Amino acid sequence: MLTLACADLAHVLVARGDAQSAADAAALAAAQELALPSAGAAPCEVAAEYATRNAASLESCEPSPESAEVLVEVAVDVGPTLLFGDDRVSHAGARAVFGSG
């Protein structure tokens, strides 16, 4: 039983790391889009694209041109676990700030 719990914990920790990586990438991409706009893409559209590329779903995106920052939250499915079922989700958030100095 302890071995199963350890395996599940490892699986959850990997998903947590994946969620944080996806949140970081999404926030940085959105901040870049806010600072240096490309051809017609909104910062949150770019954030959603980067979250999807990292196997996550964008839950919230709050760009703030006034304070030069973007806040994002993402979710990643943990997948099947041995003891806790298949419906676990790991959440993570990130903040990216850009400036001129």
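Analyst: In this predicted model, a residue is called exposed when its relative accessible area is over 50%, and buried when that value is under 20%.

User: What makes R95 count as exposed?

Analyst: R95 has 57% relative accessibility. The cut-off is over 50%, so R95 is exposed.

User: Is its salt-bridge partner E69 buried or exposed, and why?

Analyst: E69 has a relative accessible area of 16%. That falls under 20%, so E69 is buried.

User: Why is the contact of E69 and R95 called a salt bridge?

Analyst: The N to O distance between their side chains is 2.5 Å. The limit is within 4 Å, so the pair qualifies. E69 belongs to strand 2 and R95 to strand 3, so the bridge ties together parts that are 26 residues apart in sequence.

User: How many salt bridges does the structure hold?

Analyst: There are two. E49 and R53 also form one, with their closest N and O atoms 2.3 Å apart. These residues are four residues apart in helix 2, about one helical turn.

User: Why is R53 called exposed, and what is E49 called?

Analyst: R53 stands at 56% relative accessibility, over the 50% cut-off, so R53 is exposed. E49 has 39%, which lies between 20% and 50%, so E49 is partly exposed.

User: What makes F84 eligible for a nonpolar surface patch?

Analyst: F84 has a relative accessible area of 44%. Patch residues need over 30%, so F84 passes that cut-off. F84 sits in the loop between strand 2 and strand 3, and M1, L4, L82 and L83 join F84 in the patch. Together they have about 520 Å² of accessible area.

Methods: Residues are numbered from 1 along each chain as its sequence is written. This is a predicted model: local features need pLDDT of at least 70, side-chain atom pairs count only at pLDDT 80 or more; totals for chains, interfaces and linings use all residues. Side-chain values use heavy atoms; hydrogens and water are left out. Patches are made of residues with over 30% relative accessible area and no salt bridge: like charges are joined within 9 Å, nonpolar side chains (Val, Leu, Ile, Met, Phe, Trp, Tyr) within 5 Å. Accessible areas come from the Shrake-Rupley method with a 1.4 Å probe; for residues, only the protein chains shown count as cover. Helices (H or I, at least four residues) and strands (E, at least two) are DSSP runs, numbered from the N terminus. Buried means under 20% relative accessible area, exposed over 50%, partly exposed in between (1.4 Å probe, protein chains only).
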